[in-house]
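Visitor: Please show me the structure, and then take some questions about it.

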Amino acid sequence: MRRDTLDRSYVKALTTAAQKIYPDIRTISSCPTDPEVLIQGRPALLICSPNYLGLAGHPKVIGAFQRAAQQFGTGTVGSGIISGYTAAHRQVEKDLAQFMNEETAIFFNAVSDASAGVISAIVNPPLLPILEGVSADDLGSCAVFVDSQNHASILDAVRLAKPDKTYVYRHCDIEHLEQLLRRSSHPRKLVITDGYFSMSARVAPLVEIADLCEEFDAMLFVDDAHGTGVFGKTGRGTPEMLGVEERVDFWIGSTAKGLGVRGGYIAGPKELMNYLRISSRRYVFSGTLPAAIPAAVSEALKTASEESWRRQRVQENANMLRCGLAELGCDVRGEGHIVPWFIGDDGEVDRISHTLEEEGVFASAVRFPAVAKGEAIVRFMLMASHTDDHIEFTLEACANALRGMGKKPCHRRLEVPQEAQSLYA
């Protein structure tokens, strides 16, 4: 749009108003997933990256990326289902299937694409007009039940899927979900939840949700983007940790956070994967990622398995920070490797984040619309590559931020109490 056209259009009112809330996006001039980075030319401790296992900068993962780029080039350009797949794309799906202990897997460009593709293919099948032997009348109406704090990409995916009815239940509230399931008379029911919520840092009550799904004949969809690679005995994620792997019907994982690369996936029976591969529009009509990406994912899966200590280390780091913040008098919430410091006011969270950056700590100030009004947080995301000194440095910066708010930090012990050892190690 030309400048003069913009000035005459109704869009001008939107863009003018947006200038008042446009964030100050920082520029990182070093590796953006290392614990220590250069931000705006100044050294800082990075503690807001979901590179949980610290694999994004691992030499083996980088080496796999470089070799594949040399062999396959910088881009695949076309849709894989039309133009074919590289050997790297085929291999990563084999590796993901093995990782998930399933027959086969589909590798998506992003975890949001995986969620959107699967939800639409199940809720409102796009190929229904050309599928023989099945009709909309045969399937019946569909109701979807979503946690109120599901990731925005999931909520958007549900809107695009256009179920006959969407029920929103209170965050991790089993009783409310049961009430809504009991109210629904739809023959098809699908409960959709994050496995580990990236803002509240709560683990979904999957055992209880699975019980309800069985009682009310509903299917269970879990998007475990922030649990992949970190939770569970082998790192498969939250369903593995909670022992409900066999009770989850659709289990979405991410290779862009804990595994440190890019992409998303779903794994399962070959028959189901074949259906999803041709029914997920985000998959069919998207060019595949450069082959260097799946090659790096394959290496990250291998490295995460060989260096399983990373899963324990990231939880130890999170426990150390969470306990330290609590001892300072901060309102810390949730569990696991994401540590939200609840602030509430948008302006206050901006001031705290700014103070932390001045102290040399880069942490996320999360405000509306990422969270509800009055629910602003400073969100710390721990990595296995953080050291004890990094945690101590962060806590000192937080203490100074409290002083800047006119609050006196409470006395803080330097050691992590024994009773605070990670439940998820």
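A few questions and answers on the sheet and the empty spaces follow.

Visitor: What kind of model is this?

Guide: Residues are numbered from 1 along each chain as its sequence is written, and side-chain values use heavy atoms, leaving out hydrogens and water. Local features need pLDDT of at least 70, side-chain atom pairs count only at pLDDT 80 or more, totals for chains, interfaces and linings use all residues, and the model is predicted.

Visitor: Which strands stand at the edges of the sheet?

Guide: Strands are DSSP runs of E with at least two residues, helices are runs of H or I with at least four, and both are numbered from the N terminus. Two strands pair if DSSP finds at least two bridges between them. The open sheet has 7 strands in the order β3-β9-β8-β7-β6-β4-β5, with mixed pairing. One side of each edge strand is left without a neighbour in the sheet because each has a single partner strand, and these are β3 and β5.

Visitor: Which residue in β9 stands opposite I252?

Guide: Strands β8 (residues 250-254) and β9 (residues 264-268) run antiparallel and are joined by 3 bridges. Opposite I252 stands I266.

Visitor: What angle does the direction of helix α12 make with that of β3?

Guide: Axes are lines fitted to C-alpha atoms, for helices over the stretch in contact (heavy atoms within 4.5 Å). Angles run from 0 to 180 degrees between N-to-C directions. Helix α12 (residues 270-279) packs on the sheet and touches β3, β8 and β9, and the angle with β3 is about 25 degrees.

Visitor: Which element gives the most to the lining of the largest cavity?

Guide: On a 1 Å grid over the protein atoms alone, a cavity is a set of points where a 1.4 Å probe fits but cannot get out, and lining residues have an atom within 4 Å of a point. The largest cavity is lined by 15 residues, with Y85, F107, N109, Y283 and T288 nearest its centre. Two or more lining residues come from each of α4 (80-83), α5 (87-100), β3 (104-108) and α13 (281-284). The most, 3 residues, come from α5.

Visitor: How much space lies in the largest pocket?

Guide: A pocket is an open set of points with protein on both sides within 12 Å along at least five of seven lines. Grid points are joined across faces, edges and corners, and a volume is the space filled by probe spheres set on the points. For the largest pocket this comes to about 1000 Å³.
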